[in-house]
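Let's take a walk through this model together, one stop at a time. Keep the viewer open as you read.

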Amino acid sequence: MPTNLLVRPYRDTDWGRLCVIHDAARLDELRQSAGVAAFLPLTQAAENEGLFDYTVCVAEADGRVDGFVAFSDDELAWLYVDPACYRRGIGRALVRHAVNSAPGPLTVEVLEGNEAALRLYLDEGFRQLRRVEGRMAGNDAFPAVARVLRHMPSVSRA
């Protein structure tokens with residue numbers, strides 16, 4: 001994990017970086033799961049899926065935003081990291097921030113096939129509740145299969 005990583009609240013000036021991060025990372029996610037035809041850029045997805053209905057925080061290192069998370073009191077709804085920064089602890093820091101900020105346990109949906117995200121959540125104390133089949137959130141023309149996970153506070157984290 002970068003030593004100078006700061007997780008802070010979203011600012012309007014972060015919007016351009018969030019779009020770049022989301023669009024690149026979302027394509028990676030969809031390549032492994034529902035298929036890239038289901039892709040919507042953040043400029044559309046933010047409105048369709050209510051990004052700003054959640055608490056949005058960013059991970060910043062050396063003055064540059066490298067990832068973001070959006071969560072509510074009981075749901076971790078968005079987590080994206082710049083693909084150039086994968087496997088550097090940024091996603092983990094954002095998950096921990098959301099878990100520690102929420103008043104109760106969080107649930108998260110992970111698209112089937114997104115094994116890197118699934119491993120991260122399981123490592124951070126989430127456990128699978130169920131598998132669901134349905135339509136993509138915000139883009140219901142596409143079928144999707146997801147695993148619903150819940151953070152179990154009694155599970156110790158590394």
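In this predicted model, setting aside neighbours within four places in sequence, Asp 82 is in contact with Arg 17, Ile 21, Arg 64 and Asp 66. With Arg 17 there is also a polar contact: the two side chains are joined at 2.9 Å. To find Asp 82 on your screen, look in the loop between β4 (76-81) and α3 (90-101). Is this aspartate buried or exposed? Its relative accessible area is 9%, and since anything under 20% counts as buried, Asp 82 is a buried residue.

From here, let's turn to helix α4, which spans residues 115-123. Its buried residues are Ala 117, Leu 118, Leu 120 and Tyr 121. Around the helix axis they cover an arc of only 160°, so they lie on the same side of α4. If you follow the chain just past α4, you will meet Gly 125, which takes a positive phi of about 95°.

Our last stop is the cysteines. How many disulfides does the structure hold? The count is zero. Cys 57 is in no disulfide, and the nearest cysteine sulfur belongs to Cys 19, 17 Å away. A pair of sulfurs would have to be within 2.5 Å to count, so that distance rules out a disulfide for Cys 57. Cys 57 is also buried, at 5% relative accessibility. For Cys 85, too, there is no disulfide, with the sulfur of Cys 19 again the nearest, at 17 Å. Cys 85 has a relative accessible area of 6%, so this cysteine counts as buried.

How values were computed:
Residues numbered from 1 in each chain as written. Predicted model: local features only at pLDDT ≥ 70, side-chain atom pairs only at ≥ 80, totals over all residues. Heavy atoms only, no water. Buried < 20%, exposed > 50% of the residue type's maximum accessible area, 1.4 Å probe, protein only. Helix = DSSP H or I, 4+ residues; strand = E, 2+ residues; numbered from the N terminus. Arc of directions from axis to C-beta. Polar contact = N/O pair within 3.5 Å; in protein donor to acceptor, adjacent residues only side chain to side chain. Contact = heavy atoms within 4.5 Å.
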